[in-house]
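Okay, thanks for making time, everyone. I'll put the structure up and then walk you through a few places in it.

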Amino acid sequence: MLALLPDPPSALQTQFEQGFYRQYKDNVIVAISGEHAEQAHASLRTQYAQQGWLNEPGAATGPSELATFFTRYRGALLSAEDRAQLRDGQSLGDLVMAKLSLSFSPLVQDFFSLDPTLTTAEFVTRALEPQFSMLSRDGEKIWVNDEQQHVLLFLTLPTQIGDDIALTIEAIKQLKSSMAQLQSEYPDVQFSYSGIPFHSAENALLASQELSVFSALSLVFVCLLVWWFFKTYRALVGIVATQVNAICVGLIALAICFHEVHILALVFSITLIGIAIDYSFHVMLVRHQQRKEQNAIKAAIKLGFISTACGYSAFVFLPLNVLAQVGVFVIFGLAGALCCALYSLPYLTKWSWDDSRQVRCSQHLAQFFKLNQNRIKLAGYVVGALATGVIMISYDDMRDDISLLNASSDQLKSFEAQHQTWLGSHQEQRLMIYASTLELLLQKEELVKAEIAKEAPDAKVIAISNWLPSQKRQTENFALLSKAIEAEQLAPLVEMGAVLPDYSNYHALSLSTLLNSPFAELITKQYLQQGQYHVSLVRVKDFGKGSVMSVLDEIDQIILFDKAAQYSALLQKMRESLQLWFVIAVFVFGCILTVCFGLSKAVLCSVYLVLVSQFALAVSLLFQGSLNLFNYLALVLLSALAIDYFIVYLQCGRNRHTLMAVTLSALSSIFVFGMLALSQTPAVYSFGYTTVLGIFGIYLLTPLVVRENHEV
């Protein structure tokens, strides 16, 4: 989808994003609360430790282990606060005495004997603070510091499972089964869970179920409709042949016209199904009528094809290439359907049937429209005007959000939000910084942190330089501390009996040393090396996106990592393109009708099309609370159907054949596309709502363009 943006991400940016995504995509979190939470945690932990899924953060971050490792580099590691105070000339001894007075600090006792200056303890405290502010560790258990005292279990699915959606679904089922079993054993225990694998499994299962159910129901309804009306399976054969021919011709055209075809072009091109089926109904219903009626319906179908093709050709002039592909597919697909309906279908449907049912239905329909024509027209104008007002008032209520494609349950979404709060990853900005060397990368991170600190002193930044300062910064730190020690600023500590270690030897912390230590996990999820570049993922909290953008303008080789915003920008761009297309399509359609049927008919048809579209959008807005791309995508189908219906009525009149053909077309489109309104995915049911409402409005208004039953 990102490739469709007007300014698509560079190959380098995409490579970086994919690298970090791979580090997170297989991680899941399980939170357990209740009186027997520890027992349930122990059981679940043992089970998945045996399978090699255990991945607990902070496994080696106890105070004594931290002190033993980081005090080897005392002097080289200073917090930003200590560095600033030493630069300002504040006494190191005073700083130490102030820290000793903080008896609640868990690191003072373990660090003091190894580094009496406590500068290393301060460095580690500041680095830990934004990462594990709500978590604490007790042996094998990681607790959340909240009222319910949740205990967390961190797991990582093996790569071969995470890369296969079927295996992911099975793994998630197994995990949920284990939790259900423990819940039956400990009824007071409550579980919550989060992670990309849970969302992938839920969405895949739901999509599979909806595809099976909706496809089956649509197929059954359409088959019953055709069988009930034509009373023969041959009608189904004719319809299927027309559809298959249309799809094949459309695909061949795409293969010839484009070097590569985007998958979204095929998704949006499903509107071809609803239009192509009309041709089959029109031809079959006049198959055994007089040649005059056959010629009239063939002329109407050809003119309808020309009008629809002209409307879809407007896609070629829109900014997004994917919509040009939609236009090519539908135009050539309809050409294939037209040829099949006019030249092949008559040979596939050489049979006679009892048309008594057709006669009775058409008589009832004709009587209905004759008696209610004025009422329908008045209602159409009034409702259309009200709908236009609603759309104008609520025009800003547009929801161009990638979450429209997410069908995860509300429960899973709430679990995800809660876990992100515990981990401190909610409402944060993420930056990708890259450089040709590690040293340049670390210096750039330090510059970013300094700029952010100027704008928002309370902002928290999680970066690899929190744990691994640049070599330049470590050298400066050691010089500052050495100067203070040489000035005998630690004399008060010596008088208290403290034994000072040797601060004269400089030892710098390196990346290889940190990666080969038990503390490698502190940076591995935020650092990767891609080709010639070193890349880090910097997380910023309590700092607005607008402020982050100002930092991006000041520093090069830094990227805002916000895929959701990129996808949402794409949806907005596509919606705006569809809105522009609709205006162009109505104009083109009006011009064609003016040439063929006169200006008054063209204006009337255009007004009806706009009113129906406004009605469908307004009611969808009331149902959904906002409009989105997929509501406007439904207008593509509605416009094509409306063009077909208008031209058939204007060319052939409101006789029993046209009434029945349009009725069958509308019912089949509702069965195929209206079923989508029952989906749980916002994008899908948005399309379904607007389609059903629009087809209903089109069906009622299109017969009104002719006054008499046989007006041609």
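So, which residues in α14 meet which residues in α15? Before I answer, keep in mind that this is a predicted model. On the α14 side we have Lys298, Ile301, Lys302, Phe305, Thr308, Ala309, Tyr312 and Ser313. Across from them, in α15, sit Gly327, Val330, Ile331, Leu334, Ala335, Leu338, Leu342 and Tyr343. Sorted by class, that contact has eleven nonpolar, three polar and two charged residues.

Now for the geometry of that pair. In general, two packed helices are described by the angle between their axes and the distance between the axes. Here α14 covers residues 291–313 and α15 covers residues 321–348. Their axes are 9 Å apart, and the angle is about 170 degrees. Anything over 145 degrees counts as roughly antiparallel, so that is the word for α14 and α15.

Let's zoom in on one residue there, phenylalanine 305, which has its place in α14. Is phenylalanine 305 buried or exposed? It's buried, with a relative accessible area of 16%. Setting aside residues up to four places away in sequence, phenylalanine 305 touches Ile331, Leu334, Ala335 and Leu338, and also Tyr279.

If you want a feel for distances, take phenylalanine 305 and leucine 118. They are 187 residues apart along the chain, and their C-alpha atoms are separated by 81 Å.

Leucine 118 is worth a stop too. You'll find it in the loop between α6 (108–112) and α7 (119–128). Its phi is positive, about 60 degrees, although it's not a glycine. And with a relative accessibility of 1%, leucine 118 counts as buried.

There's another positive phi at glutamate 488, near 55 degrees, and again the residue is something other than glycine. That one is in the loop between α19 (471–486) and α20 (491–495). At 60% relative accessibility, though, glutamate 488 counts as exposed.

While α6 and α7 are fresh in your minds, have a look at α3, residues 63–70. Its buried residues pack against α6, α7 and also α21 (511–515). Which residues of α3 are buried? They're Leu66, Ala67, Phe69 and Phe70.

Next up, α9, which runs over residues 165–185. I picked two residues in this helix. The first of my picks is alanine 171, which is buried at 4% relative accessible area. Leaving out neighbours within four places in sequence, alanine 171 is in contact with Trp53, Leu157 and Ile161. From alanine 171 to glutamine 566 is 395 residues along the chain, and the C-alpha atoms of the two are separated by 31 Å.

My other pick from α9 is serine 178. Serine 178 is buried as well, with a relative accessible area of 9%. What does its side chain make a polar contact with? With the side chain of glutamine 47, at 3.0 Å. With the same four-place neighbours left aside, serine 178 is in contact with Leu44, Gln47 and Tyr48.

A quick detour to lysine 25, in the loop between α1 (11–24) and β1 (27–33). Buried means under 20% relative accessible area, and lysine 25 comes in at 11%, so it is buried. Its side chain makes a polar contact with the side chain of aspartate 26, at 3.0 Å. Beyond neighbours within four places in sequence, lysine 25 is in contact with Gly162, Asp163, Ile196 and Pro197.

Last, two more helices. Helix α11, residues 234–257, has 24 residues and should span 34 Å at 1.5 Å a residue; its end C-alpha atoms are 35 Å apart, which agrees. Its buried residues include Ala235, Gly238, Ile239, Thr242 and Ala246.

Then there's α26, residues 629–652. How far does α26 reach from its first C-alpha to its last? It reaches 35 Å, close to the 34 Å expected for its 24 residues. And α26 is mostly covered, with 23 of its 24 residues buried.

The ends of α26 have something to show as well. At the N-terminal end, asparagine 628 acts as a cap: a side-chain oxygen lies 2.8 Å from the backbone nitrogen of phenylalanine 630. Just after the helix, glycine 653 takes a positive phi of about 85 degrees.

That's my tour, so over to you.

Definitions and conventions. Residues numbered from 1 in each chain as written. Predicted model: local features only at pLDDT ≥ 70, side-chain atom pairs only at ≥ 80, totals over all residues. Heavy atoms only, no water. Axes fitted to C-alpha atoms, helices over the stretch in contact; angles between N-to-C directions. Helix = DSSP H or I, 4+ residues; strand = E, 2+ residues; numbered from the N terminus. Parallel < 35°, antiparallel > 145°, perpendicular 65-115°, else oblique. Contact = heavy atoms within 4.5 Å. Nonpolar A, V, L, I, M, F, W, Y, C, P; charged D, E, K, R; others polar. Expected span 1.5 Å × (residues − 1). Buried < 20%, exposed > 50% of the residue type's maximum accessible area, 1.4 Å probe, protein only. Polar contact = N/O pair within 3.5 Å; in protein donor to acceptor, adjacent residues only side chain to side chain.
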